[in-house]
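Reader: I am a first-year student, and I should be grateful for a close look at a single part of this structure. Please take me through that part step by step and then set it in its surroundings.

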Amino acid sequence: MTPLLAHALHQAALAALAAAGFGVLFNAAPRALVFCAAGGALALALRTLLQDNGWSLEAASFVAAVVVTLLAVGVVRRWLGSGATAVAVAGCIPMVPGAFFARALLGLFALTAPNATGVDQTLAVTVVAMLRVVFTLGGIGAGIAISLTVLRRREF
Amino acid sequence: MRHRDLEQIALIALRCARLLMQSGSNGRVIHECGALLARSQGVELLGLRVGYASTSITLGRDGNSITRMVTVAGHGVNHRLDQAVRALVREAARTGMTPAEIGTGLDALLADTPRYPGWLVAIAVGVACAAFSGLFGADDRAMLATLLASGVGQAVRQTMHRRGINVFVIVAAVALLSAFLGGLGARLDGSGTVDLALFGATLLLVPGVPATNAQVDVVDGFPTLGSARAVSVLMVMVFVAVGIWVAQILLGMQT
């Protein structure tokens, strides 16, 4: 197994756990949990592979959100009906850029601390992290929203 | 059709709309619900306004019209209840159920829709947050601390929610508790990624569904509802940040 594939599988396994866990929190039916896990795994595997091939986090997240949502609404809907939309959302949740958000948050705290040092560098790191959070979340949300609009189905 | 009959249809449509909003549906779903119910009852839907804190509907027939409004509070995500309400509305439209019968059906759904036991939700949330931490690059010790801290945080959140405490107070308190336990546990266990455990333990509070709904609502032509959701999401994140900040101070990671 190549290191690239191993990395993608590692990310996919963790994402499946995260998506299924959030599915339980959202009170999804047991059958839907399987699809949540599969959606999370697919999203992270695809995003990881794209990033490993030089794509930015934001672009890779957008494409992964589009693919997962299209599959959920176009295919999973056969088994779950209108509940497929929730599967798409749960599947995309593991792509939330938490590490960058943590970095941005910690940077903001450091900037506002008394006797802050290295302000210029901290500011640059913080702003970059914050922008990546905004753009990535925007990419995920846009990927879901656009796909739902393109494959518009009656909800009832 | 009498005015009183229009009122009963309006009130049952609003009850369905409120339940869907509280279960995590977006604006378009609620509009489709209102239109379907009105059509199946033989009345014209003259207007439906879906807001974040209230929903109103105007129905008309034979020259009579009526406008009614309900407040909406307690936004959450309950996938099975959401799907059950949709199924009931479909069934009502197909079979021509009366408003009273739909109301009885909603009562039954509220009583009978299954939920996972609290302990299972706490464990699932713990596993999810630990997996999230792993995705960020946390080491095994930090992931274990995250699992335990976020599981405890979820249990406390459920207890506070049952007591009717303000949702933003719950967010700040749970963020503080989970971050503190996650950071402390990771530090005591000798983790090299204490900050990721501290942050990862608060991820149960990230409002993923409302954030997605906010964008979907704007795209679907409900900018007011979408904006209200976005502000709510932002406020949740501010309160999460406050909790993390205090936890860092308590752990001596912040001055």
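How many residues lie between β2(B) and β3(B) in the hairpin that they form, and which residue in the turn has a positive phi?

Author: The model is predicted, and the description below should be read with that in mind. Two residues lie between β2(B) and β3(B) in the hairpin, and B:Asp62 in the turn has a positive phi of about 55 degrees.

Let us begin with the turn itself. B:Asp62 is found in the loop between β2 and β3 of chain B. The phi value near 55 degrees is positive in a residue other than glycine. B:Asp62 is also exposed, because 10 other C-beta atoms lie within 10 Å, and a residue counts as exposed if that number is 12 or fewer.

The two arms of the hairpin come next. Strand β2 covers residues 54-61 of chain B and strand β3 covers residues 64-71; the two pair in the antiparallel sense over eight bridges. Within this pairing, B:Thr58 stands opposite B:Thr67 in β3(B). B:Thr58 has a further partner, for B:Gly47 is bridged to B:Thr58 in β2(B). That second pairing belongs to β1(B) and β2(B), which run antiparallel and are joined by six bridges.

The hairpin is thus part of a sheet. The sheet is open, has three strands in the order β1-β2-β3 of chain B, and is paired in antiparallel fashion. β1 (44-50) and β3 of chain B stand at the edges with a single partner strand each, so one side of each is left without a neighbour in the sheet. On average, neighbouring strands of this sheet are turned by 10 degrees against each other, direction ignored. A helix accompanies the strands: α1 (residues 3-23) of chain B lies across β1, β2 and β3 of chain B and runs at about 30 degrees to β3(B).

We may now step back to the whole of chain B. Chain B is divided into domain 1 (3-112) and domain 2 (118-250). The centres of domain 1 of chain B and domain 2 of chain B, taken over C-alpha atoms, are separated by 32 Å. Domain 1 of chain B gives eight residues to the contact between them, and domain 2 of chain B gives ten residues. On the side of domain 1 of chain B that touches domain 2 of chain B, three residues are nonpolar, four are polar and one is charged.

Chain B also meets chain A, and this contact takes 45 residues from chain B and 39 residues from chain A. The elements that give two or more residues to the chain B side include α2 (27-40), α3 (79-95) and α10 (223-250) of chain B. The largest share of that side, eleven residues, comes from α5(B). By class, the side of chain B that touches chain A has 27 nonpolar, eleven polar and seven charged residues.

The partner, chain A, has six helices and zero strands. The C-alpha atoms of chain A fill a box of roughly 60 × 40 × 30 Å along the principal axes, and 55% of the 156 residues of chain A count as buried. Of the contacts in chain A between residues at least 6 apart in sequence, 69% join residues at least 24 apart. A pair of residues distant in sequence can be shown by name: A:Trp79 and A:Phe35 are 44 residues apart in sequence, and their C-alpha atoms are 10.0 Å apart in space. A:Trp79 is found in helix α3 (residues 57-80) of chain A and is partly exposed, with 13 other C-beta atoms within 10 Å.

Chain A also offers a counterpart to the residue with which we began. A:Asn115 has a positive phi of about 55 degrees although it is not a glycine. A:Asn115 is found in the loop between α5 (98-111) and α6 (119-150) of chain A. A:Asn115 is exposed, because 5 other C-beta atoms lie within 10 Å, and 12 or fewer is the condition for that word.

A remark on confidence completes the account. Chain A averages a pLDDT of 89, and 98% of the residues score at least 70. Among the elements of chain A, α5(A) has the lowest mean pLDDT (83), whereas helix α2 (residues 30-52) of chain A has the highest (94).

How values were computed: Residues numbered from 1 in each chain as written. Chains lettered and ligands numbered in written order. Predicted model: local features only at pLDDT ≥ 70, side-chain atom pairs only at ≥ 80, totals over all residues. Domains from an automatic or database assignment. Contact = placed C-beta atoms within 7 Å. Nonpolar A, V, L, I, M, F, W, Y, C, P; charged D, E, K, R; others polar. Pairing = 2+ DSSP bridges. Helix = DSSP H or I, 4+ residues; strand = E, 2+ residues; numbered from the N terminus. Buried ≥ 20, exposed ≤ 12 C-beta atoms within 10 Å, placed from the backbone. pLDDT = per-residue confidence, 0-100. Axes fitted to C-alpha atoms, helices over the stretch in contact; angles between N-to-C directions.
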